[in-house]
Amino acid sequence: MLLIPSWGRDLFGLLFPNLCNACGASLFLGEKLICTKCLFDLPLTDYHLYQKNKVMKQLWGRVPLNAAMALLYFRKGAKAQRLIHSLKYNGKTDVGILLGSMIGERIKLNSIYSDIDFIVPVPLHHQKLRSRGYNQSSFIAEGIAQTINIPFKEEILIRTISTESQTRKNRFSRYENMKAVFKAPETDQITGKHILLVDDVITTGATLEACANALLVQGALKVSIAALAFAE
Ligand SMILES: [Zn+2]
């Protein structure tokens, strides 16, 4: 085996940016975005198979949901975090589409998700959208949409207030603050519909709770949730 010093690997990576987004190893022919070993090692939850999973339990009593799942367990320093970091901060939007398609393959297997009318990504505030250039959740939604063949709609939810300053508040006051943050327009597009809400990482659930409530207030019949990862 040819040993390459780390500075050589870095240079190689700059010249040939075809590296695994989870571990940084060079990809083999036929591998895309994530190497085979990392794909095999992904901490999958299988929450799509169980209605009483930890995401559902976390939001229990806070908002009535049809179903909820997350693809991966989120652990600091682990591969799932690196994948999400590359999607959120390094412009690797293809990673969002790929992981979104993995969500799509899974929810196809459970009939509780079979009557979804359309998919809505959790929106960013317009200032954040401008500075980042894209909404990472829209790419996850796109991957799901392509796989289950259902449209996704970005204009259904609006984030009216930036929540940057809220990170130090406790869970209750965060939700109280969050309630006013998301608005769904009055539109007959929502009435009577089953909507799949899509986010990147679920931590307190306050964001999804506020988004789901905004959709239900405007007459959505059912709201389900799909996220890339769940932080236990
Ligand atoms: Zn890898």
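**The core, the sheet and the helices around it**

In this predicted model, the largest nonpolar core holds 64 residues, and those that touch the most other members are Ala70, Leu197, Val198, Cys211 and Ala229. Two or more residues of this core come from each of strand 1, helix 4, helix 5, strand 2, helix 7, strand 5, helix 9 and strand 6. Domain 1 (1–41) and domain 2 (43–230) each supply at least three residues to the core.

Leu197 gives a view of the contacts around one core residue. Leaving aside residues up to four places away in sequence, Leu197 touches Val120, Val122, Leu208, Cys211, Ala212, Val223 and Ile225. One of these, Val120, stands opposite Leu197, which belongs to strand 5. That pair is part of the strand arrangement described next.

Four strands form an open sheet in the order 1-6-5-2, and their pairing is parallel. Strand 1 and strand 2 are the edge strands; each has a single partner strand, so one side of each has no neighbour in the sheet. On average, neighbouring strands of the sheet are turned by 20 degrees against each other, with direction ignored.

At one edge, strand 1 (residues 67–73) is joined to strand 6 (residues 222–230) by six bridges, and these two strands run parallel. Within this pairing, Met69 has Ala226 of strand 6 as its bridge partner. Although strand 1 is an edge strand, six of its seven residues are buried, so strand 1 is largely enclosed by the rest of the structure. At the other edge, strand 2 (118–121) pairs with strand 5 (194–202). Four bridges connect strand 2 and strand 5, again in the parallel sense.

Helices lie across these strands. Helix 9 (206–217) lies across strand 5 and strand 6 and runs at about 165 degrees to strand 5. Helix 7 lies across strand 2, strand 5 and strand 6, at about 130 degrees to strand 5.

Helix 7 (residues 136–148) can be followed in more detail. Its 13 residues reach 19 Å from the first C-alpha to the last, close to the 18 Å expected at 1.5 Å a residue. Of these 13 residues, 10 are buried, so helix 7 is largely enclosed by the rest of the structure. The buried residues are Gln136, Ser137, Ser138, Phe139, Ile140, Ala141, Glu142, Gly143, Ile144 and Ala145. They pack against helix 4 (79–89), helix 5 (93–107), strand 2, strand 5 and strand 6. After helix 7 comes Asn149, with a positive phi near 60 degrees.

Most residues other than glycine have a negative phi. Two loop residues can be read against that background. Leu33, in the loop between helix 1 (6–15) and helix 2 (36–41), has a positive phi near 70 degrees. Asp46, in the loop between helix 2 and helix 3 (54–59), also is not a glycine and has a positive phi of about 60 degrees.

Are these two loop residues buried or exposed? Leu33 counts as buried because it has 20 C-beta neighbours inside 10 Å, and a residue is buried at 20 or more. Asp46 has 10 such neighbours inside 10 Å and therefore counts as exposed, the cut-off for exposed being 12 or fewer.

Methods. Residues are numbered from 1 along each chain as its sequence is written. This is a predicted model: local features need pLDDT of at least 70, side-chain atom pairs count only at pLDDT 80 or more; totals for chains, interfaces and linings use all residues. Two strands pair if DSSP finds at least two bridges between them. The expected span of a helix is 1.5 Å times one less than its number of residues. Two residues are in contact if their C-beta atoms, placed from the backbone, lie within 7 Å. A nonpolar core is a set of buried Ala, Val, Leu, Ile, Met, Phe, Trp, Tyr and Cys residues joined through C-beta atoms within 7 Å. Domain bounds come from an automatic or database domain assignment. Axes are lines fitted to C-alpha atoms, for helices over the stretch in contact, and angles run from 0 to 180 degrees between N-to-C directions.
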